[in-house]
Amino acid sequence: MIDLYYWTTPNGHKITLFLEESGLDYQIKPINISRGEQFEPSFLKISPNNRMPAIVDANPVDGGEPIAIFESGAILLYLADKTQTFIPQDLRGRNECLQWLFWQMGGLGPMAGQNHHFVQYAPEKLPYAIERYVKETSRLYGVLNKHLSDGRDFICGNQYTIADMACYPWVVPHERQQQDMAKFPALAKWFTRIHDRPATVKAYEIATEINQNKTVDEESKKILFGQDASSVR
Ligand SMILES: N[C@@H](CCC(=O)N[C@@H](CS)C(=O)NCC(=O)O)C(=O)O
């Protein structure tokens with residue numbers, strides 16, 4: 001059994017996408033980040049960065065003690081290696097998959113995250129910051145669109161992998177990110193292909209069951225956007 005420490009955000013969806021595809025046994029432990037549950041000492045032992053997602057796998061393949069993992073990219077890789085699914089098993093395919101996984105973790109995720117922050121949540125509308133992150137999001141969409149333009153169905157060719165699962169939830173909010181999907185035709189087709197998978201539908205249904213209230217209120221903003229080193233002492 002895998003315990004998934006989860007809230008209904010793009011980084012959380014990455015892991016429900018995998019778990020729903022794989023059929024692994026799991027249970028969700030909601031961590032309501034808008035109410036500060038990510039600072040509970042018991043959660044920080046699992047995820048010292050006070051961020052979800054995180055998992056605890058009670059049955060690791062080495063047969064040892066339960067293992068705790070934080071960082072969504074590390075979790076996807078762990079689950080793919082555990083099940084030997086959703087990651088190519090040959091050297092070149094695996095490396096292509098890891099490059100795009102790391103591209104998402106270091107590029108698309110953080111840049112689209114800042115886009116969300118300055119476009120939607122910042123108390124002041126700062127044109128320089130908005131333009132910087134909307135343009136960088138557009139550049140990254142362009143990179144992925146170009147990669148997908150050679151007729152491949154998924155990032156690693158015809159196999160649906162953890163690279164797709166990492167990227168997809170960050171393209172779901174394309175409208176809020178001020179991106180026009182009509183400008184990215186190969187990306188738009190890839191998006192629909194993943195959107196229509198039964199496991200994707202289920203993952204997003206689970207999100208709606210767990211959290212009907214998607215609004216970020218003033219209390220949440222204080223918790224999420226006021227952190228500094230004193231928050232983690
Ligand atoms: N690099 C981390 C980022 C995780 C992350 O930023 N999670 C956010 C929600 S998407 C979170 O838990 N925020 C809680 C907070 O800001 O205190 C990962 O990919 O797992």
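Domain bounds here come from an automatic or database domain assignment. The model itself is predicted. In that assignment, the chain divides into domain 1 and domain 2. Domain 1 is made of two segments, 2–85 and 214–232. Domain 2 covers 91–196. The C-alpha centres of domain 1 and domain 2 are separated by 21 Å. Contact between them draws on 17 residues from domain 1 and 14 residues from domain 2.

The ligand occupies the largest pocket. Its shell comprises 13 residues. Gln38, Met52, Glu71, Ser72 and Gln227 are the closest of these. By class, six residues of the shell are polar, five are nonpolar and two are charged.

Polar contacts to ligand oxygen involve both side chains and backbone. For Gln38, a side-chain N or O atom lies 2.7 Å from an oxygen atom of the ligand. For Met52, the partner is a backbone N or O atom, and the distance to a ligand oxygen atom is 2.8 Å. For Asn50, a side-chain N or O atom is placed 3.4 Å from an oxygen atom of the ligand. This last pair counts as a polar contact because the cut-off is within 3.5 Å. Taken alone, the ligand exposes 510 Å². The protein buries 83% of that area.

Conventions:
Residues are numbered from 1 along each chain as its sequence is written. This is a predicted model: local features need pLDDT of at least 70, side-chain atom pairs count only at pLDDT 80 or more; totals for chains, interfaces and linings use all residues. Side-chain values use heavy atoms; hydrogens and water are left out. A residue is near a molecule or strand if one of its heavy atoms lies within 4 Å of it. A polar contact is a pair of N or O atoms within 3.5 Å; within protein, one must be able to donate a hydrogen and the other to accept it, and residues adjacent in sequence count only if both atoms are side-chain atoms. Accessible areas come from the Shrake-Rupley method with a 1.4 Å probe; for residues, only the protein chains shown count as cover. On a 1 Å grid over the protein atoms alone, a cavity is a set of points where a 1.4 Å probe fits but cannot get out, and a pocket is an open set with protein on both sides within 12 Å along at least five of seven lines; lining residues have an atom within 4 Å of a point. A molecule sits in a cavity or pocket if more than half of its atoms lie within 2 Å of its grid points. Ala, Val, Leu, Ile, Met, Phe, Trp, Tyr, Cys and Pro count as nonpolar, Asp, Glu, Lys and Arg as charged, and the others, Gly among them, as polar. Contact means heavy atoms within 4.5 Å.
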